[in-house]
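Here's a quick briefing on how the strands in this one fit together. Have a look at the sequence and the model first.

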Amino acid sequence: QVQLVESGGGLVQAGGSLRLSCAASGSFFGIGAMGWYRQAPGKQRELVASITPGGSANYANSVQGRFTISRDNAKNTVYLQMNSLKPEDTAVYYCNADLRLSLYGAYVGYWGQGTQVTVSS
């Protein structure tokens, strides 16, 4: 059974920092792109940042320069360092990873359960 387990959310004041972690566990043959999405109340889920297995990162304009995505391939883990947090960053943050479940199979997207990030003004 494959799982993505997130941790690191919480309540922080504006200007503060948080670090999210997401670890993939279970039986799989490889991990492709990994990323973080977020969904605020009444809004659609949006991409925050993504990273390829080689470490190339992509960011939403709203977080560029404040957030940093990274990954540890040996630990099957992706991180999101969030600095200079703003109230508008408040949302449930979801981890996403493309996993290959068989040796020659296609990559399939998996989601974590979500972790709440609340930024107070």
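Along strand S11 (residues 115-120), which side chains point to one face and are buried, and which point to the other and are not? Keep in mind that this is a predicted model. The side chains of S11 alternate: Thr115, Val117 and Val119 share one face and are buried, while Gln116, Thr118 and Ser120 point to the other face and are not buried.

**Who pairs with S11**

- On the parallel side of things, strand S2 (residues 10-13) is joined to S11 by four bridges.
- In that S2–S11 pairing, Gln13 sits opposite Ser120, and Ser120 is one of the S11 residues whose side chains are not buried.
- Strand S9 (residues 91-100) also pairs with S11, but here the two run antiparallel and three bridges join them.
- Val92 stands opposite Gln116 of S11, and Gln116 points to the face of S11 that isn't buried.

**The four-stranded sheet**

- Another set of strands makes an open sheet: four of them, ordered S1-S3-S8-S7, with antiparallel pairing.
- Its edges are strand S1 (3-7) and strand S7 (67-72), each of which pairs on one side only.
- On average, neighbouring strands in this sheet are turned by 15° against each other, if you ignore direction.

**Zooming in on S1 and S3**

- Edge strand S1 and strand S3 (residues 18-25) run antiparallel, with five bridges joining them.
- If you want a residue pair to look at here, Ser7 is opposite Ser21 in S3.

Conventions: Residues numbered from 1 in each chain as written. Predicted model: local features only at pLDDT ≥ 70, side-chain atom pairs only at ≥ 80, totals over all residues. Heavy atoms only, no water. Pairing = 2+ DSSP bridges. Axes fitted to C-alpha atoms, helices over the stretch in contact; angles between N-to-C directions. Buried < 20%, exposed > 50% of the residue type's maximum accessible area, 1.4 Å probe, protein only.
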